[in-house]
Amino acid sequence: MGGGRAVVLAVVLLLASLAGGRDAGRTAAVAPRPPTAPDRGLPRGGLVVLTLGGFLGSAAATPTGVFLVDSAVAAGIGAGPAGLLFAGCSVLGLVSRVGLGWWADRHPGRSAYLSIANLLTLGSLGYALLATGAVPAFVAGGVLAYGAGWAWTGLFHFAVIRDNRGAAASVTGSVQTGLSLGAASGPLLFGLVAQASYPAAWLVSAALSLAGAVTVRAARRVVRRSRGLPVGGRWPSLRARTHPTAPSPEEEMHR
């Protein structure tokens, strides 16, 4: 049954993407494509920091798929409702990833790195709610953990590839190393802590996710600095706020 539903969902998404492609083709003649920033690649330091951020975020998120049901039962939720919670959160995570991809396609000027950091921050809140052990907070935490804390990986790959269109394979392999190491070590660490306490294990995930958010923001600063873009920290002057200048395509992609 689960495989059949997955096939049906995949077919629906395929048809929707094809319909969107036809619409895009009809409007391309009247709506010029927005300018894109030159492909200058990520600086080595920025790539290293992003890989670390991916490792931290993945180590925080991956245990959710392994331990959510057992943790829910330990919090007082019945086995059946815990399984339903897991299934619902899994569907939410899938929809969130597709929705984030749709959003990124339609807002090319928004910083994907900031969006990833925000999702990781929301995920840390979700893990903290899971740590409370209270049933209503636990359910809300599961929703946040899947809907935000584990929905950023597709956007992560998109952002890295967009900045390295000329070397997409090598740069994806670099960041995937961090994601894979996090996916392998996160459940091991979580399981060791969970032997003593599930709340403590969820708090560890919250700390890892928050550290991942800070790291991704730091990587964005490294990328902006390497390209001569402002990294923030000062309020603009009154003239700049009332008569702003149009940002360049590169500034739009990394603001």
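Biologist: How many residues does the protein have, and what share of them count as buried?

Modeller: Burial is read from relative accessible area, and a residue under 20% counts as buried. In this predicted model, 37% of the 255 residues are buried by that criterion. The exposed surface of the protein comes to about 13400 Å², and carbon and sulfur atoms supply 69% of that area.

Biologist: Which secondary structure elements make up the protein, and in what order do they run?

Modeller: The protein has ten helices and zero strands. From the N terminus on, the order is accordingly written α-α-α-α-α-α-α-α-α-α.

Biologist: What part of the contacts with a separation of 6 or more comes from residues 24 or more positions apart?

Modeller: Among contacts at a separation of 6 or more, 78% join residues that lie 24 or more positions apart.

Biologist: How should the packing of helix 2 and helix 8 be read, and at what angle do they pack?

Modeller: The angle is taken between N-to-C directions, and a value over 145 degrees counts as roughly antiparallel. Helix 2, residues 44-74, packs against helix 8, residues 198-226, at about 155°, and their axes are 8 Å apart. Helix 2 is therefore roughly antiparallel to helix 8. The crossing of these two helices is left-handed. The residues of their contact comprise 17 nonpolar, nine polar and one charged.

Biologist: What are the angle and the axis distance for helix 2 and helix 5?

Modeller: Helix 5 covers residues 135-149; helix 2 packs with it at an angle of about 160°, with the axes 11 Å apart. The two helices are therefore roughly antiparallel to each other. Helix 2 passes helix 5 in a left-handed crossing. On the side of helix 2, the contact involves Ala61, Thr64, Gly65, Leu68, Ser71 and Ala72; these meet Phe138, Ala145, Tyr146 and Gly149 of helix 5. By class, six of the contact residues are nonpolar and four are polar, with no charged residues.

Biologist: Is the crossing of helix 6 and helix 7 left-handed or right-handed, and which residues make the contact?

Modeller: The axes of helix 6, residues 153-162, and helix 7, residues 168-194, come within 9 Å and cross at roughly 145°. Their crossing is right-handed. Helix 6 contributes Phe156, His157, Val160 and Ile161, while helix 7 contributes Ala168, Val171, Thr172, Val175, Gln176 and Leu179. This contact has seven nonpolar residues, three polar and no charged ones.

Definitions and conventions. Residues are numbered from 1 along each chain as its sequence is written. This is a predicted model: local features need pLDDT of at least 70, side-chain atom pairs count only at pLDDT 80 or more; totals for chains, interfaces and linings use all residues. Side-chain values use heavy atoms; hydrogens and water are left out. Axes are lines fitted to C-alpha atoms, for helices over the stretch in contact, and angles run from 0 to 180 degrees between N-to-C directions. Helices (H or I, at least four residues) and strands (E, at least two) are DSSP runs, numbered from the N terminus. Angles under 35 degrees count as roughly parallel, over 145 as roughly antiparallel, 65 to 115 as roughly perpendicular and the rest as oblique. A crossing is left-handed if the near helix is turned anticlockwise from the far one by less than a right angle, and right-handed if clockwise. Ala, Val, Leu, Ile, Met, Phe, Trp, Tyr, Cys and Pro count as nonpolar, Asp, Glu, Lys and Arg as charged, and the others, Gly among them, as polar. Buried means under 20% relative accessible area, exposed over 50%, partly exposed in between (1.4 Å probe, protein chains only). Contact means heavy atoms within 4.5 Å. Accessible areas come from the Shrake-Rupley method with a 1.4 Å probe; for residues, only the protein chains shown count as cover.
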